[in-house]
Amino acid sequence: MAAAASSALHAVGAVASAKPRSAAPAVARRRSVRVAAAAKGGPGSSGRGRLVTRSAVAAKADEAAAAAGSKSGGHELLMFEALREALIEEMNLDPTVCVMGEDVGHYGGSYKVTKGLAEMFGDLRVLDTPIAENSFTGMGVGAAMKGLRPVVEGMNMGFLLLAYNQISNNCGMLHYTSGGQFKIPIVIRGPGGVGRQLGAEHSQRLESYFQSIPGLQMVACSTPYNAKGLMKAAIRSENPVVLFEHVLLYNLKEKIPDEEYICCLEEAEMVRPGEHVTILTYSRMRYHVMQAAKTLVNKGYDPEVIDIRSLKPFDLHTIGNSIKKTHRVLIVEECMRTGGIGASLRSAIIDNFWDYLDAPIMCLSSQDVPTPYAATLEDATVVQPAQIVAAVEQICQ
Amino acid sequence: MAAAALLRRIPAARAPPTVFVAARSISDSTAALTIETSVPFTSHLVDPPSRDVTTTPAELVTFFRDMSLMRRMEIAADSLYKAKLIRGFCHLYDGQEAVAVGMEAAITRSDSIITAYRDHCIYLARGGDLVSAFSELMGREAGCSRGKGGSMHFYKKDANFYGGHGIVGAQVPLGCGLAFAQKYKKEDTATFALYGDGAANQGQLFEALNISALWKLPAILVCENNHYGMGTAEWRAAKSPAYYKRGDYVPGLKVDGMDVLAVKQACKFAKDHAVANGPIVLEMDTYRYHGHSMSDPGSTYRTRDEISGVRQERDPIERVRKLLLTRDLATAAELKDMEKEIRKQVDDAIAKAKESSMPDTSELFTNVYKKGFGVESFGPDRKELRASLP
């Protein structure tokens with residue numbers, strides 16, 4: 001199955017090494033898995049800790065850096081392919097993993113994340129649903145109650161608002177209201193965020209809507225490396241996990257290790273260690289931050305950039321260590337200002353690390369408006385690198 | 001036999017207590033017995049099953065006992081609610097017992113049942129015990145959901161009872177998901193997803209039915225039509241109150257839900273159909289004596305005459321009592337004794353449940369997440385050691 005998997009990927013154009021994937025045998029669950037650890041101390045201690053600056057979107061990663069931790073050279077692929085690789089690996093390992101969503105099967109997925117899976121695994125494991133988010137999300141929860149591990153795709157995260165009742169009341173709460181009898185190991189994933197003039201209803205950020213639901217875990221991926229790792233961890237987790245992907249990041253290219261690895265669901269990622277200010281960000285805004293970081297470095301600042309990745313719960317361990325070092329915090333997010341992830345994060349930091357702060361926490365978020373269609377207006381809705389530079393300058397005064 | 005029948009015509013007060021015609025205990029015979037259902041089945045897109053139901057005297061006695069136990073439990077819950085030992089919402093099932101008992105008789109514990117918030121009796125039918133039920137109602141630790149669910153959230157995983165849901169209609173897609181998992185795992189079992197006449201107008205029901213029909217899932221959608229969605233009568237809520245027909249392309253069967261034998265026959269028929277051909281809709285014509293919940297008197301939208309009329313003419317327990325008596329499978333005194341014993345059983349369970357403690361404050365935070373998921377990572381509160389792969 002593994003060989004078939006790699007040949008399918010070859011056919012789709014991923015640049016893969018000739019070595020067969022996943023050296024460990026599929027049957028035994030005992031296998032060596034490398035976990036991407038966040039930096040616990042200074043720079044360089046994580047598998048990925050080095051200066052990685054990127055320009056806005058669809059940039060090439062520093063190849064040597066990405067493969068640094070990999071023993072066999074790694075292989076380059078795009079983010080949607082990384083997500084697909086994760087799905088294929090997990091579906092091969094565990095027969096209870098199935099995928100359901102609109103056009104995930106024969107069509108191959110509207111963003112090609114599930115391309116080829118229906119041919120590989122059949123119609124019973126890769127299910128094309130009718131356009132009925134409320135019921136197929138509910139069916140995913142019911143199937144999870146009975147022992148399957150469904151991966152439910154919202155073609156656009158915004159459509160999952162139709163399934164909000166199922167996600168909140170059933171998915172999030174059943175483990176609790178049944179006194180622990182039922183677990184819901186479901187993964188709900190899909191692209192969200194502001195794209196290129198997709199219009200208000202297709203540019204939604206649901207992180208803020210789901211964040212208060214008890215019982216859910218939320219993660220946001222931002223690179224092919226963490227996309228694959230988080231997808232695998234989410235599938236293996238016994239808790240319901242919402243995986244937020246971003247429409248504009250699917251074509252990011254990066255070299256990822258050949259060996260199997262997973263990322264910890266609750267850990268933040270140290271993107272760029274620094275001394276002057278802690279910049280907390282996630283998903284697409286990471287790239288705007290890194291672009292601003294280039295300008296900031298030229299101006300003599302040394303920002304520490306952390307991709308928080310885990311939106312619920314927050315990795316206060318990594319974040320706290322950073323704040324204790326820099327004493328200044330800037331949050332850059334794509335959520336709306338009102339009730340967004342930044343608002344909750346700010347509150348959590350104030351509760352836990354008030355004494356370490358030398359300046360008020362700044363939070364740059366999207367404006368509280370429906371995302372307009374016009375290009376200039378859309379750009380003004382989200383946070384741009386220039387604003388990030390100005391904010392850091394203000395904080396570091 | 002004739003002498004015994006003669007004796008029974010003497011009013012109990014005058015019957016000499018020491019005269020026994022024959023020392024015979026309540027029938028536990030397993031000899032087959034065929035009884036006709038009260039009314040024939042009405043069907044949509046399928047040939048209905050026969051009106052003749054095969055049963056045994058022992059089974060009829062079990063029906064009587066189980067339904068009486070359920071009835072007694074619900075009435076006791078009513079008193080407990082008025083005594084403020086049960087709080088919040090409490091939806092009682094008395095009048096509808098035949099649906100729970102008949103369904104259980106037709107299926108196995110490997111089949112799945114999921115229902116909405118009127119779930120106390122289905123929990124009992126699935127093997128739940130009285131003490132857990134009353135403890136859960138009173139919010140105690142010994143409850144079936146550790147006191148954290150309440151009246152609307154009874155579950156029993158080992159008996160494939162999936163609850164216990166508060167949001168109207170949301171359990172039907174869950175039920176179709178259960179059916180999907182059954183088909184996926186090739187289990188040859190079916191799922192009964194129960195909902196009410198009020199929930200029958202939810203869009204997600206039709207969505208789930210569409211998917212179930214497309215994927216040929218062994219899902220049986222059972223509409224417990226008690227004719228009122230809280231205070232709204234069915235003719236005011238549904239343009240077409242023929243709920244068994246509303247599956248459109250999905251076959252349906254209308255069943256007298258107050259006749260436990262008809263329910264048993266219909267559920268057996270439905271299970272065989274669903275496992276072979278995909279979804280089917282059952283409409284159980286039933287009635288609830290209480291209001292929608294304990295906060296609803298139940299008399300502002302229907303007359304007391306209607307309620308007492310149904311109680312007199314269609315009560316499910318009385319129907320079985322009549323069957324047992326006319327076929328000489330038990331005496332009135334024996335059935336009365338059984339009811340007394342049941343009453344004591346329920347009272348004992350309540351006493352035991354009252355002694356059970358409230359959940360510890362630490363229970364507030366347990367079961368929000370499932371810990372130790374077997375990958376190398378921290379728990380959600382970051383205080384836990386990294387669990388590692390097995």
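In this predicted model, a good place to begin is chain B, where Lys268(B) and Asp272(B) form a salt bridge, their closest N and O atoms lying 3.3 Å apart. Both residues belong to helix 9 of chain B, which covers residues 260-277, and they sit 4 residues apart, about one turn of the helix. That spacing fits a general rule: an α-helix has 3.6 residues a turn, so residues three or four places apart point the same way. Another general point is that side chains of opposite charge can pair when their charged atoms come close. As for their surroundings, Lys268(B) is partly exposed, with a relative accessible area of 43%. Asp272(B) is also classed as partly exposed, at 45% relative accessibility.

Staying in chain B, let us turn to a pair that joins separate elements. Arg51(B) makes a salt bridge with Glu36(B), and the closest N and O atoms are 3.6 Å apart. Arg51(B) is in the loop between strand 2 (42-44) and strand 3 (52-55) of chain B, while Glu36(B) is in strand 1 (residues 33-36), so this salt bridge ties together parts that are 15 residues apart in sequence. Arg51(B) is partly exposed at 27% relative accessibility, and Glu36(B) is partly exposed with a relative accessible area of 49%.

The strands around this pair are worth a look of their own. Strand 1 and strand 3 of chain B pair in the antiparallel sense, over 4 bridges. In one of these pairings, Thr34(B) has Thr54(B) in strand 3 of chain B as its bridge partner. Strand 3 of chain B also has two faces: Val53(B) and Thr55(B) make up the covered one, whereas Asp52(B) and Thr54(B) make up the uncovered one.

Now let us move to the place where the two chains meet. The contact draws 61 residues from chain A and 54 residues from chain B. Between them, chain A and chain B bury an area of about 4,800 Å², and carbon and sulfur atoms give 65% of it. Which residues of chain A lose the most area to chain B? They are Met139(A), Lys146(A) and Tyr176(A), which together account for 17% of what that side buries.

Lys146(A) deserves a second visit. Across the interface of chain A and chain B, the rule finds 1 salt bridge, and the side chains of Glu187(B) and Lys146(A) meet in a salt bridge at 3.6 Å, N to O. This pair crosses between chains: Glu187(B) is in the loop between helix 6 (171-184) and strand 5 (191-196) of chain B, and Lys146(A) is in the loop between helix 5 and strand 5 (149-153) of chain A. Are the two partners buried or exposed? Lys146(A) counts as buried, at 8% relative accessibility, because the limit for buried is under 20%. Glu187(B), in contrast, is partly exposed, with a relative accessible area of 30%.

Beyond that salt bridge, the rule finds 17 residue pairs in polar contact across the interface, with both residues at pLDDT 80 or more. On the side of chain A that touches chain B, at least two residues each come from strand 3 (97-101), strand 4 (126-128), helix 5 (133-145), helix 6 (164-172) and helix 7 (174-177) of chain A. Helix 5 of chain A gives the most to this side, with 10 residues. By residue type, the side of chain A that touches chain B divides into 24 nonpolar, 22 polar and 15 charged residues.

Salt bridges appear elsewhere too, and over all chains the structure holds 39 of them. Some are joined into a network, which links Glu85(A), Glu89(A), Glu90(A), Lys228(A), Lys232(A), Arg236(A) and Glu260(A).

Our last stop is further along chain A, at helix 11, which covers residues 316-326 and whose buried residues are Thr318(A), Ile319(A), Gly320(A), Ser322(A), Ile323(A) and Thr326(A). These buried residues pack against strand 12 (277-281), strand 13 (303-307), strand 15 (329-336) and helix 12 of chain A. Helix 11 of chain A is followed by His327(A), whose phi is positive, near 65 degrees. Within helix 12 of chain A (residues 341-353) we find Ser347(A), which counts as partly exposed at 37% relative accessibility. Ser347(A) lies 14 residues from Ile361(A) in sequence, and in space the two are 9.6 Å apart, C-alpha to C-alpha.

Methods: Residues are numbered from 1 along each chain as its sequence is written. Chains are lettered from A and ligands numbered from 1 in the order in which they are written. This is a predicted model: local features need pLDDT of at least 70, side-chain atom pairs count only at pLDDT 80 or more; totals for chains, interfaces and linings use all residues. Side-chain values use heavy atoms; hydrogens and water are left out. Buried means under 20% relative accessible area, exposed over 50%, partly exposed in between (1.4 Å probe, protein chains only). Contact means heavy atoms within 4.5 Å. Buried area is the accessible area (1.4 Å probe) that two parts lose on being put together, summed over both. A salt bridge is a side-chain nitrogen of Lys or Arg within 4 Å of a carboxyl oxygen of Asp or Glu. A polar contact is a pair of N or O atoms within 3.5 Å; within protein, one must be able to donate a hydrogen and the other to accept it, and residues adjacent in sequence count only if both atoms are side-chain atoms. Ala, Val, Leu, Ile, Met, Phe, Trp, Tyr, Cys and Pro count as nonpolar, Asp, Glu, Lys and Arg as charged, and the others, Gly among them, as polar. Two strands pair if DSSP finds at least two bridges between them.
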